[in-house]
Every structure is written in structure tokens, then in C-alpha cells.
Protein chains: 2
Amino acid sequence: MNKIITISREFGSGGREIGKRLAEKLNFAYYDSEIINLLTKETGKTEEYIENISENGIYPYAFQFAKSFSMYSKIQKDQTKILVAQQKILKQIAEKGNCVIVGRGADVILKSYNPMNIFVYANTESKIMRCKNKRNDELLTDNELEKKIKDIDKERIEYHNIISNLDWGKKENYHLCINTSNLNIKDIISPLAKYIEKYFGRDK
Amino acid sequence: MNKIITISREFGSGGREIGKRLAEKLNFAYYDSEIINLLTKETGKTEEYIENISENGIYPYAFQFAKSFSMYSKIQKDQTKILVAQQKILKQIAEKGNCVIVGRGADVILKSYNPMNIFVYANTESKIMRCKNKRNDELLTDNELEKKIKDIDKERIEYHNIISNLDWGKKENYHLCINTSNLNIKDIISPLAKYIEKYFGRDK
């Protein structure tokens with residue numbers, strides 16, 4: 001069976017960087033925005049539309065953008081379609097080979113593939129600091145960033161609640177929970193990769 | 001500053017084994033039952049008495065064993081005395097050198113020493129399996145073991161609530177949370193030790 005690592009993460013905790021670097025270190029395929037590209041091909045929808053409703057909360061989006069009941073109903077149908085397509089794509093990815101998948105509820109959707117599920121989190125101060133180094137967030141104030149972090153995580157929780165009855169971020173649902181507050185992510189990749197190798201080697 | 005690792009753990013999760021092996025690997029001092037010995041010297045109480053009221057819930061013990069109000073009151077005073085002595089001993093340990101401390105709320109009591117706090121947990125099935133390999137627990141049924149695990153963790157939570165307003169086992173209060181379900185603890189020591197070295201080396 002392929003080795004699948006899923007990374008769930010609080011916004012600003014560096015989970016995506018951990019995922020990318022781990023994939024590189026372990027020589028695993030890496031999937032994050034790649035999934036959006038595959039979804040556009042599968043559904044014929046635009047990247048932006050998919051980005052908004054594939055992970056970032058589904059019903060909130062529909063409420064926000066629908067100007068009429070028929071439009072709301074159409075968005076809802078699209079959301080379901082995209083969710084189904086996303087599940088299909090994640091399973092294709094899991095069949096393909098060893099991989100790291102960031103977000104998208106892969107921990108839940110790929111449960112039958114026995115992934116190693118990692119959760120990455122950090123304290124608010126540290127997440128704000130990390131966001132400030134990102135291109136899109138550098139001009140926001142600390143308060144704006146804190147709000148953005150909370151809002152995005154809320155959307156992730158909502159998405160997770162739709163596809164699963166397991167609580168997002170509850171340590172029991174993950175194999176390892178990493179607090180990146182004040183940590184240099186580059187430093188921990190090598191020991192983490194070794195931990196993961198041991199994790200997948202446990203049955204040998 | 002000395003490097004201090006605290007290990008909080010669910011009963012049966014293998015946290016003590018992780019602590020012991022990490023201390024050996026890192027060449028750090030290891031403290032667990034050693035603290036009880038130091039407490040007997042400091043307070044003049046017996047080991048058993050201290051064992052019961054130093055970590056395993058304080059007020060429940062007093063209620064259970066006191067046969068009169070004056071006895072209840074005496075036990076309560078002892079408990080406070082032992083708690084104070086334990087705090088003193090933990091601080092002495094922290095001043096002495098690099099160490100691994102298992103349990104006793106060291107994560108909270110030694111906060112000013114900037115310890116690396118690790119939480120070890122596992123699913124119930126895995127904890128029962130681990131307990132069955134212990135000398136004192138091998139004759140218990142699965143149901144009895146499950147009850148014992150729940151009871152001991154409840155006492156740990158109660159103790160933690162007395163010395164701190166931080167939730168025991170909540171991932172935000174730890175730097176790393178390790179799920180040992182189906183893991184061979186021996187296997188993960190080497191990558192964990194490397195992770196810890198990177199953690200403490202983060203400011204260099």
C-alpha cells in the first residue's frame with residue numbers, strides 16, 4: 001500500500017511548508033493547489049470558483065454569493081459536484097504512489113488508505129509572524145491578520161464538519177500534532193521525515 | 001539554561017517508556033518515581049501515602065480515606081505540604097541539569113524554565129494492549145483495564161486542575177503530541193531525540 005501523509009493545519013502555522021519540505025525530503029509526490037488544477041479539468045469550473053468552495057467552507061459561500069434562491073440552489077449543486085470530484089481525485093492520487101496531501105480533508109476522505117495524519121498548529125503570535133512574511137498578507141495589521149486566521153480556520157472546521165463527524169484539530173484524530181510556535185520549520189524536517197519512516201515501517 | 005523535557009501522558013500510552021528511553025538517548029537525567037523518594041525525605045511521609053496524594057488527585061483521596069472531619073482536615077494539610085514540597089523539588093531538579101520529568105505537572109510548575117512539553121496519548125485498544133504487558137495489570141480483564149485507564153487519567157486531570165488553569169491534554173499546551181497507537185516505542189526514540197535537539201537548538 002502507498003504511504004500517504006495528510007497534513008491538516010491552522011492557517012499561518014507553516015503546515016504547507018512542512019508538507020512541501022517533507023515531500024521533497026522523502027521523495028514523495030506533493031499535492032496542494034495541484035488538486036485545484038485537477039478539479040478544474042474534472043468539473044469545467046474556474047480555479048477561483050473551486051478554490052472558494054472546495055475547502056473553504058461550503059454553505060457559507062453559497063449564502064454569501066447567492067443573489068437569488070435559484071442561484072443559491074445552483075451553487076449548492078456545484079458544491080456537491082465539486083466535493084464528489086475532489087473525493088474521486090484524492091483517491092486517484094492515493095492509488096498513484098507515496099504522497100503528501102495538504103488540507104482538503106484528505107485525512108478523512110482517504111481513511112481506508114491508512115494515511116499518517118499530521119496536524120500542525122501554533123500560537124496566535126507565531127501565526128501572525130508567519131503570515132507577515134507571506135506576499136499577500138504583508139500589508140495587513142496584526143488585528144486584521146488575527147481575524148483572517150480565525151476566519152479561515154472557521155471555514156476549515158465547517159468544511160471538515162460536512163465531510164466527517166470527527167472534530168478538526170482534535171489530537172485523537174491525528175498521529176502526530178506539531179506545535180510550530182517559535183520553531184524554524186527547516187530544522188524539524190529531517191527528524192520528522194525519520195519519524196514518518198519509522199511510522200510506516202512499524203509493521204515490518 | 002538547562003534543557004528540560006516534561007512528559008504528560010495518558011495511562012497506558014507508553015509515555016513513561018518514551019521518557020526513560022529519551023533520557024537515556026539524550027544523556028539527560030530521568031525523574032519519575034525518584035521524585036517520590038525525594039518527597040519522602042523532604043516530608044517524612046511514607047512512599048505510599050505520598051504516591052496517593054502527590055499526583056493522583058488530591059481531594060478525592062482525602063474524601064475517600066478520612067474517617068472524621070479532623071482526619072480529613074489533617075490529610076488536606078498534608079496534601080498541601082506535599083504539593084509545596086513537590087514544587088520545591090521539581091525546581092531543584094530543573095536547576096541541576098538537563099532532564100526528562102514524567103508527570104507531576106512539571107509542564108506547569110516549571111513553566112519559567114521554558115521546558116519542552118510533550119503529551120503522549122493513544123487509542124483505548126492500544127492502551128489496554130500496553131497495560132496487559134505490565135506486571136501489575138496482566139490479570140485484569142479488558143473492561144477492568146479500560147476502567148482503570150479512565151480512573152487514573154481522571155485523577156491526573158483533577159491534579160492538573162488544582163495546580164493550573166490550563167487543560168490537561170489540550171494540544172495547545174504542549175509542543176509535541178505523540179499518538180503511540182500501534183507504534184513500537186523503541187522505533188521512534190531516535191527521531192524524537194533529534195527533534196528535541198532541533199527544538200532546543202532553535203535560538204542558536
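In this predicted model, H7(A) and H8(A) sit roughly perpendicular to each other, because their angle falls within the 65 to 115 degrees that count as such. The angle in question is about 105°, between helix H7 (residues 124-132) and helix H8 (residues 142-163) of chain A, and the two axes lie 10 Å apart. On the H7(A) side, the contact is made by Thr124(A), Lys127(A), Ile128(A), Cys131(A) and Lys132(A). H8(A) answers with Asp142(A), Leu145(A), Glu146(A), Ile149(A) and Asp153(A). Sorted by character, the residues of this H7(A)-H8(A) contact come out as 5 charged, 4 nonpolar and 1 polar.

Another helix pair in chain A has a different cast of residues. Helix H2 (residues 33-43) and helix H5 (residues 69-96) of chain A cross at roughly 120°, and their axes come within 10 Å. H2(A) and H5(A) are therefore oblique to each other, and the crossing is right-handed. H2(A) brings Ile35(A), Leu38(A), Leu39(A), Glu42(A) and Thr43(A) to the contact. From H5(A) come Ile82(A), Ala85(A), Gln86(A), Lys88(A), Ile89(A), Leu90(A) and Ile93(A). The tally for this H2(A)-H5(A) contact is 8 nonpolar residues, with 2 polar and 2 charged.

Over in chain B, helix H1 (residues 15-26) packs with helix H9 (residues 185-200) at an angle of about 55°, their axes being 9 Å apart. That angle makes H1(B) oblique to H9(B). As for handedness, H1(B) and H9(B) cross in the right-handed sense. The H1(B) half of the contact consists of Glu17(B), Ile18(B), Arg21(B), Leu22(B), Lys25(B) and Leu26(B). The H9(B) half includes a run of isoleucines, namely Ile185(B), Ile188(B), Ile189(B) and Ile196(B), along with Lys186(B), Ser190(B), Leu192(B), Ala193(B) and Glu197(B). Between them, the residues of the H1(B)-H9(B) contact divide into 9 nonpolar, 5 charged and 1 polar.

Now for the strands. Both chains contribute to an open sheet of 10 strands with mixed pairing. Read across, the order is E2(A)-E3(A)-E1(A)-E4(A)-E5(A)-E5(B)-E4(B)-E1(B)-E3(B)-E2(B), which puts E5(A) next to E5(B) where the sheet passes from one chain to the other. The edges are strand E2 (29-31) of chain A and strand E2 (29-31) of chain B, each of which pairs on one side only. On average, and ignoring direction, neighbouring strands of the sheet are turned by 20° against each other.

Within chain A, strand E1 (residues 4-9) and strand E3 (residues 99-102) pair in the parallel sense over 4 bridges. One of the residues involved is Ile7(A), whose bridge partner in E3(A) is Val102(A). Helix H5 (residues 69-96) of chain B packs on the sheet too, touching strand E1 (4-9), E2 and strand E3 (99-102) of chain B. The direction of H5(B) makes about 155° with that of E3(B).

What turn lays chain B on chain A? A turn of 180° does it, with a shift of 0.0 Å along the axis and an RMSD of 0.0 Å. That is the relation of a two-fold axis. The interface fits the picture: 100% of the interface residues of chain B are also interface residues in chain A, so the copies meet through the same surface.

Conventions. Residues are numbered from 1 along each chain as its sequence is written. Chains are lettered from A and ligands numbered from 1 in the order in which they are written. This is a predicted model: local features need pLDDT of at least 70, side-chain atom pairs count only at pLDDT 80 or more; totals for chains, interfaces and linings use all residues. Side-chain values use heavy atoms; hydrogens and water are left out. Copies are superposed by least squares on the C-alpha atoms of residues with pLDDT of at least 70 in both. Contact means heavy atoms within 4.5 Å. Two strands pair if DSSP finds at least two bridges between them. Helices (H or I, at least four residues) and strands (E, at least two) are DSSP runs, numbered from the N terminus. Axes are lines fitted to C-alpha atoms, for helices over the stretch in contact, and angles run from 0 to 180 degrees between N-to-C directions. Angles under 35 degrees count as roughly parallel, over 145 as roughly antiparallel, 65 to 115 as roughly perpendicular and the rest as oblique. A crossing is left-handed if the near helix is turned anticlockwise from the far one by less than a right angle, and right-handed if clockwise. Ala, Val, Leu, Ile, Met, Phe, Trp, Tyr, Cys and Pro count as nonpolar, Asp, Glu, Lys and Arg as charged, and the others, Gly among them, as polar.
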